[in-house]
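This report describes how helices and strands are arranged in the structure shown below. It covers helix packing and the pairing of strands into sheets.

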Amino acid sequence: MQHAAPIELTDLVDLQALPIHDPDSAAYVAAVDAARAGLRSEGCAVLGGFVRPKAVAQLNDEIRERKHATHYSTQVMNPYFHTAVNPDYPPDHPVNTFIERSSGFIPGDAWDSGCATDTLFRAPEVARFIADCLEIGALYCYDDPLAGLTANICDPGQQFTWHFDTNDFAVTVLVQPGDEGGLFEYVPQIRSADDEGFDAIAGVLAGGRKGVRTLDLRPGDLQIFRGRHSLHRVTRVGAGSRPRHAAIFAYTLEPGVIGRVERTRQLFGRVLPAHEEAERQRVRSDALLD
């Protein structure tokens, strides 16, 4: 897709209302402080209206233009993205509790350099702002050729069931909510690096609502979410609803990071030589099931 003129950050974000280009401004400091408070207490922060309304429509147009590249998959999986019964655990254990996941992802190699979605993802001001909210020194755009910049698609009848992320945090922009369903729900800090929290997880998988939070996200809202230790899902989109579209911006603490082979294949239906090479060199940061 060709653009008549380069897209600027100010075309996408109202820099007067939220001056992410000016970290010394009072509005920047206030936004960061509010995000930090949410991340510390709930593992979640929402920056309402982060993307301008006209830019949200542009992001949605770009998603629709690329929906032909979406890899859709339906699996019955546990919260750790495993699909096979583990005989080391009881039948009713979370490890052996399998729920349908049905959704699609537009891969990173479907996006044109300089399109609105790519510009927002790669803007250094955005990465610095998110790093400040997360209280870390710096962030780098995820170098994975498929999973760095993506869009998650939940068409009518689809859901992204309860799961954990392999990365410490995720950054998403809701572009188009469903008319019915498609709600983001999570249970903050249900497990830790030292405790899998199986009992609490089992309760949620059985339909319990203890600790479950539901977000009322609007188009253009930016969400920063710590999903490694917080169980989360997108509820089923209604059969008569429009699709739910969300842009996913993946950042890493170090440059040059590539995703895991198994989950890449699950989400995108393929892996590239870069994934296979990274898997041979990978060192795990924790011993969680995933």
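## A helix across the strands

In this predicted model, helix α3, formed by residues 53–65, lies across four strands, namely β3 (99–106), β5 (149–154), β7 and β12 (244–249). Relative to β7, helix α3 runs at about 90°.

## The seven-stranded sheet

The strands crossed by α3, that is β3, β5, β7 and β12, belong to an open sheet of 7 strands. Its order is β1-β10-β7-β12-β5-β3-β2, and the pairing is antiparallel. At the edges stand β1 (44–47) and β2 (71–77), each of which pairs on one side only. From one strand to the next, the twist averages 25°.

Within this sheet, β7 is placed between β10 and β12 in the strand order. Strand β7 covers residues 170–176 and strand β10 covers residues 222–225; the two run antiparallel and are joined by 4 bridges. In this pairing, alanine 170 stands opposite phenylalanine 225 of β10.

## The four-stranded sheet

A further open sheet is formed by 4 strands in the order β6-β11-β8-β9, with antiparallel pairing. Strands β6 (160–163) and β9 (213–215) are its edge strands, and each pairs on one side only. Neighbouring strands of this sheet are turned by 15° against each other on average, with direction ignored.

The strands β11 and β8 lie next to each other in the order of this sheet. Residues 184–187 make up β8 and residues 231–234 make up β11; 4 bridges join these antiparallel strands. Across this pair, glutamate 185 stands opposite arginine 233 in β11.

## Packing of α2 against α5

How are helices α2 and α5 oriented to each other? Helix α2 (residues 26–42) packs with helix α5 (residues 124–134) at an angle of about 50°, and their axes are 8 Å apart. An angle that is neither under 35 nor over 145 degrees, and lies outside the range from 65 to 115, counts as oblique; α2 and α5 are therefore oblique to each other. Their crossing is right-handed.

On the α2 side, the contact is made by Tyr28, Ala31, Val32, Ala35, Arg36 and Leu39. Helix α5 contributes Arg128, Phe129, Asp132, Cys133 and Leu134. By class, the contact of α2 with α5 has 8 nonpolar and 3 charged residues, and no polar ones.

Technical notes. Residues are numbered from 1 along each chain as its sequence is written. This is a predicted model: local features need pLDDT of at least 70, side-chain atom pairs count only at pLDDT 80 or more; totals for chains, interfaces and linings use all residues. Side-chain values use heavy atoms; hydrogens and water are left out. Axes are lines fitted to C-alpha atoms, for helices over the stretch in contact, and angles run from 0 to 180 degrees between N-to-C directions. A crossing is left-handed if the near helix is turned anticlockwise from the far one by less than a right angle, and right-handed if clockwise. Contact means heavy atoms within 4.5 Å. Ala, Val, Leu, Ile, Met, Phe, Trp, Tyr, Cys and Pro count as nonpolar, Asp, Glu, Lys and Arg as charged, and the others, Gly among them, as polar. Two strands pair if DSSP finds at least two bridges between them.
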